[in-house]
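Me: I am new to this structure and should be grateful for a close look at one part of it. Please take a strand and its surroundings, and set that part in the context of the whole.

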Amino acid sequence: MTEHTGQAGTSSAHSATQDAVALRAVGKSFSAHTVLRDVTLQIPARRIVAIIGASGSGKSTLLRLIGGLDTPTDGAVNIDGRAVAQYDPRCAFAFQEARLLPWRTVADNVALGLPRDEDRARGRTRIGELLELVGLTEFAGHKPKEISGGMAQRTSLARALARTPSVLLLDEPFGALDALTRLRMHDLLLDVHAAEPTTVIFVTHDVDEALVLADTIVVLGKEEGRPGATVLQTVSPSQQRPRSHSDPEFTRLRQQLLAALGVQLRSEA
Amino acid sequence: MSQHHSAAGAPEGAPDDVTHAGSGAAPGTAAHGHATVASGAPGAAGPGSGTGPGSGRARRSGRRRGPVVLLGLLVPAALVAAWFWSTAAGVFTPVQLPPPQDVFTAAIDLIERGQFFQHIGISTQRVLLGYAIGAILGLAVGALVGLSRLSDVLFAPTIGAFRAVTGLAWVPLLALWIGIGEDSKVTLVAIGAFFPVYTTVAAALRHVDAQLVEAGRAFGLGGVKLLLTVQLPAAMPSVVAGLRLALAQSWLFLVAAELLASSMGLGFLLIDSQNNGRTDRMILAIVLLAVLGKLCDSVFALVQKRVLDRWT
């Protein structure tokens, strides 16, 4: 991704086939209101990409466009060189809220994610593996109201993984969790990615979370005097994971990203 | 219909057993008669959503149901006692209010004549038949209007207008069109059962959590699969609440049907006894209607509890 670290929009479209996700001049408006404008991004396969931005900067909208939950007003979104379809089967979505079916057990909720044509016996094995992966094996028979918020998010993550997606889309998946659960979920996401390296795109408003997890961080925001948000900058930390908060690069990028989001920290100036 | 009107519009109330759970520490405050009152507004209130799921479940299991049921019999027993006392003391003449033992004798008399179970049987048959037809139609039309915007715009105003017509108003017309046989009575009961089911099903399906539906779609569900996997199960508690309401309303409409044109049934017993000045039989008919209606509702409450356990 190093060739894309500068201003997005300057990057060429020559690599459309080797990139897992490619957005070309994507815009999205709701009636007269422009949310996104001229978003061009290329994301190579198996990367973890964070989308950050102030609230209302169209982060979730961008993620929904990639997953085919919404259609762009302008431009094109491609996955593996082919246009994204409505509710694209190549993507799996984990929503901000777990959105589990309350009448189904944890295992049956995960089963909802299985591809429609999945063989039944193989599906069951897969659910077992996924529950193991997210540490919910002993809660397989519980209903959503009987588990904690963190467990529900893990179920939601397992459901998304059950789809064996080429692109895993996570919309602020850890936003509603307490700080400790959140840290555990970060480790879990990295473990999952190591075990099944798919392309992961996640939305967060937390700069630290982005810096800990992502290969590349995309900053969305508004440019002076123009409607709608676009890519302000992309940043790719060189530091290997697990990343230390005290590393000089971490501190430098943190300030850079916060500045891009319009936050000036007096304590760290 | 009017007393059920508001409840049909608000199917999301707390089921009676949850109310029990709220006062679980003092079972005495949750008399069994309460179930009748709450039956107007049963539905999905997420029983375990408040506190810990385990504790809610344990409290709802109703291990102390026996004493609660006995407590619920207190008021009826007091009523019978007051009835007994007032008639014995001569507060009412026997024509105004015959004593309980006269009503009991009237029941024995009807049993000996072989009419007692005939009246009950035919009335029950009319209710069950009409209820089944009305409920199935209510489910179908409610699903149509609840799921399709177009059908909603097309049909909802008309159905709403018909709903405003009281049950009794249909009786002369039904007699003219269908005759005074069984068909017209079953039809009237079906009309009574239709509207609560229609209203709750349509509302429940229209208000299924849009986020759940989107999640279903995002995982590749659509059409009938989406309906069966997400929408119907989500609407299930409300649907069952509507079905329960409809069963209660079926009994109300039954009496309307039998009052005007019939030769059998509890409604007929009522009007026939009025014509013959048999107040004891009139009271017997009313007691029977109350007991049968309550019995039906109680059986349904058990079903509803199971459904709520399963689908929430």
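Reply: In this predicted model, the area buried between chain B and chain A is about 2000 Å², and carbon and sulfur atoms give 59% of that area. The contact involves 19 residues of chain B and 21 residues of chain A. Two salt bridges are found across this interface. In a salt bridge between side chains, B:Glu214 meets A:Arg64 at 2.4 Å, N to O.

The part chosen for the close look is strand S6 of chain A, which covers residues 91-94. From this strand A:Cys91 and A:Phe93 point one way, while A:Ala92 and A:Ala94 point the other way. All four of these residues are buried. S6(A) pairs with strand S7 of chain A, residues 167-171, in the parallel sense and over four bridges. Within S7(A), A:Leu170 is the bridge partner of A:Ala94.

A:Leu170 leads from the strands to the wider surroundings. Apart from neighbours within four places in sequence, A:Leu170 is in contact with A:Ala94 and with several further residues, among them A:Leu63, A:Leu157, A:Leu189 and A:Phe202. The largest nonpolar core has 50 residues, and A:Leu170 is one of the four that touch the most other members, together with A:Leu168, A:Ile217 and A:Leu257. Helix H4 of chain A, residues 149-161, supplies the largest share of this core, six residues. Domain 1 (2-90 + 165-260) and domain 2 (100-164) of chain A each contribute at least three residues to this core. A second, separate core of 44 residues includes B:Phe116, B:Leu247, B:Leu254 and B:Leu269.

Terms used:
Residues are numbered from 1 along each chain as its sequence is written. Chains are lettered from A and ligands numbered from 1 in the order in which they are written. This is a predicted model: local features need pLDDT of at least 70, side-chain atom pairs count only at pLDDT 80 or more; totals for chains, interfaces and linings use all residues. Side-chain values use heavy atoms; hydrogens and water are left out. Buried means under 20% relative accessible area, exposed over 50%, partly exposed in between (1.4 Å probe, protein chains only). Helices (H or I, at least four residues) and strands (E, at least two) are DSSP runs, numbered from the N terminus. Two strands pair if DSSP finds at least two bridges between them. A nonpolar core is a set of buried Ala, Val, Leu, Ile, Met, Phe, Trp, Tyr and Cys residues joined through side-chain atoms within 4.5 Å. Domain bounds come from an automatic or database domain assignment. Contact means heavy atoms within 4.5 Å. Buried area is the accessible area (1.4 Å probe) that two parts lose on being put together, summed over both. A salt bridge is a side-chain nitrogen of Lys or Arg within 4 Å of a carboxyl oxygen of Asp or Glu.
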